[in-house]
Amino acid sequence: MPLSGKSVPREVPLKVIKWLIAVFFGGLALYALYIAILIYRLPSVSALADRTTSLSIQVKDWQGRLHPFVVGPANPRWTPSDSIPLEMKWAVIVAEDANFYRHEGIDVKAIKEAIRYDLEKKRLARGASTITQQTAKNLFLSREKSVTRKIVEFYLAKRMEQVLTKGRILELYLNIVELGPMVYGIGHGARYYFDKPAGALTPRECAFLAAMLPGPQKVYNPYRHLDRVLKRSDMLLRLLRQKGVLSEDEYRQALAETPNISGMQRKVDQSFAGKAKRFFRELFDGFR
């Protein structure tokens with residue numbers, strides 16, 4: 001024992017180190033096998049190249065309940081790519097995935113920027129999922145946040161970019177994106193908020209719908225935060241002008257337009273009336 005009275009830490013035996021290394025790589029191999037099995041059991045992405053294909057997926061309502069949802073021409077609200085306004089396509093691109101036409105499913109630069117931003121904020125504040133990744137997740141995966149799901153999502157996104165055109169990926173995305181309470185797809189969104197088909201949407205209305213995409217249930221819910229949605233849609237219109245999608249006259253006209261949200265306002269009024277009726281019914285029942 002040393003004169004200081006302090007004990008000298010014992011070295012970890014070499015056998016223990018080797019055992020730990022073996023356990024680590026063994027676990028890694030098992031995890032890789034698990035991922036491979038998950039990928040093997042996935043539906044074929046190639047089938048999506050056929051535009052006449054329809055498939056059934058599960059979507060959630062705002063109470064967390066699952067419902068069947070048809071993706072494809074068998075859905076009466078399906079909107080084919082040539083019926084979707086160019087402004088709608090570009091509005092979601094500038095809102096969700098500015099590098100959509102430059103990446104191959106995964107935007108490495110956006111991921112690095114998101115990690116840097118999250119480290120600065122010390123929380124998960126920014127996502128970096130591409131439109132392709134979001135489409136893969138909505139079609140084939142659950143909404144759980146896990147490393148495993150993200151790895152499979154990366155694989156699916158790369159695979160989709162290999163077998164599908166950008167136009168097809170965008171068509172699928174726009175027909176399954178969530179825009180309200182059980183409102184999925186641009187066709188349903190256009191009817192729900194503006195009482196018109198998607199092909200008749202104005203640039204302002206396109207930007208309005210795209211502005212909700214980060215969070216139609218909470219952060220950009222137009223029922224609760226209409227001013228916030230309108231402000232974000234102004235920003236998207238400005239980006240469309242910078243991209244050359246809108247001319248200067250079209251841009252100014254869109255800014256001056258007040259979205260005709262008669263469809264949404266009627267639903268807000270109905271929702272308020274329903275809540276009021278329930279409130280007074282419960283109130284009067286309490287005095288019986």
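Here is a short chat about a predicted model.

Visitor: Let's start with the overall build. How many helices and strands are there in the chain?
Guide: The chain runs to 288 residues, and buried ones make up 39% of them. Among contacts with a separation of 6 or more, 60% are between residues 24 or more positions apart. As for the elements, the count is 11 helices and four strands.

Visitor: What does the accessible surface of the chain come to?
Guide: Carbon and sulfur atoms own 58% of that surface. The total is about 17,600 Å².

Visitor: Now Thr 132. Is Thr 132 buried or exposed?
Guide: Thr 132 sits in helix 4, which covers residues 131-140. Its relative accessible area is 0%, and the cut-off for buried is under 20%. Therefore Thr 132 counts as buried.

Visitor: Which side chain makes a polar contact with the side chain of Thr 132?
Guide: Leaving out residues up to four places away in sequence, Thr 132 touches Phe 100, His 103, Gly 105, Ala 157, Met 160, Glu 161 and Ile 169. One of these is joined to Thr 132 by a side-chain polar contact at 2.6 Å. That partner is Glu 161.

Visitor: On to helix 7. How many of its residues are buried?
Guide: Helix 7 spans residues 186-194 and is mostly covered. The buried ones include Ile 186, His 188, Tyr 192 and Phe 194. Just after the helix comes Asp 195, with a positive phi near 55 degrees. The buried count for helix 7 is eight of nine.

Visitor: Which residues of helix 7 does Leu 209 contact?
Guide: Leu 209 is among the residues with the most contacts inside the largest nonpolar core, a set of 59 residues. Setting aside neighbours within four places in sequence, its contacts include Met 88, Leu 179 and Leu 201. Helix 7 covers residues 186-194. From that stretch, Leu 209 contacts Ile 186, Gly 189, Ala 190, Tyr 193 and Phe 194.

Visitor: Any empty space inside? What is the volume of the largest cavity?
Guide: Rolling a probe the size of a water molecule over the atoms shows where empty space is left. Here the count is one cavity of 30 Å³ or more. Its volume is about 50 Å³.

Visitor: Which strand and helix each supply at least two residues of the lining of that largest cavity?
Guide: The lining has 13 residues, and those closest to the cavity centre are Phe 69, Asn 75, Arg 77, Asn 175 and Tyr 184. The elements you're after are strand 2 (66-71) and helix 7.

Note on methods
Residues are numbered from 1 along each chain as its sequence is written. This is a predicted model: local features need pLDDT of at least 70, side-chain atom pairs count only at pLDDT 80 or more; totals for chains, interfaces and linings use all residues. Side-chain values use heavy atoms; hydrogens and water are left out. Buried means under 20% relative accessible area, exposed over 50%, partly exposed in between (1.4 Å probe, protein chains only). A polar contact is a pair of N or O atoms within 3.5 Å; within protein, one must be able to donate a hydrogen and the other to accept it, and residues adjacent in sequence count only if both atoms are side-chain atoms. Contact means heavy atoms within 4.5 Å. A nonpolar core is a set of buried Ala, Val, Leu, Ile, Met, Phe, Trp, Tyr and Cys residues joined through side-chain atoms within 4.5 Å. Accessible areas come from the Shrake-Rupley method with a 1.4 Å probe; for residues, only the protein chains shown count as cover. On a 1 Å grid over the protein atoms alone, a cavity is a set of points where a 1.4 Å probe fits but cannot get out, and a pocket is an open set with protein on both sides within 12 Å along at least five of seven lines; lining residues have an atom within 4 Å of a point. Grid points are joined across faces, edges and corners, and a volume is the space filled by probe spheres set on the points.
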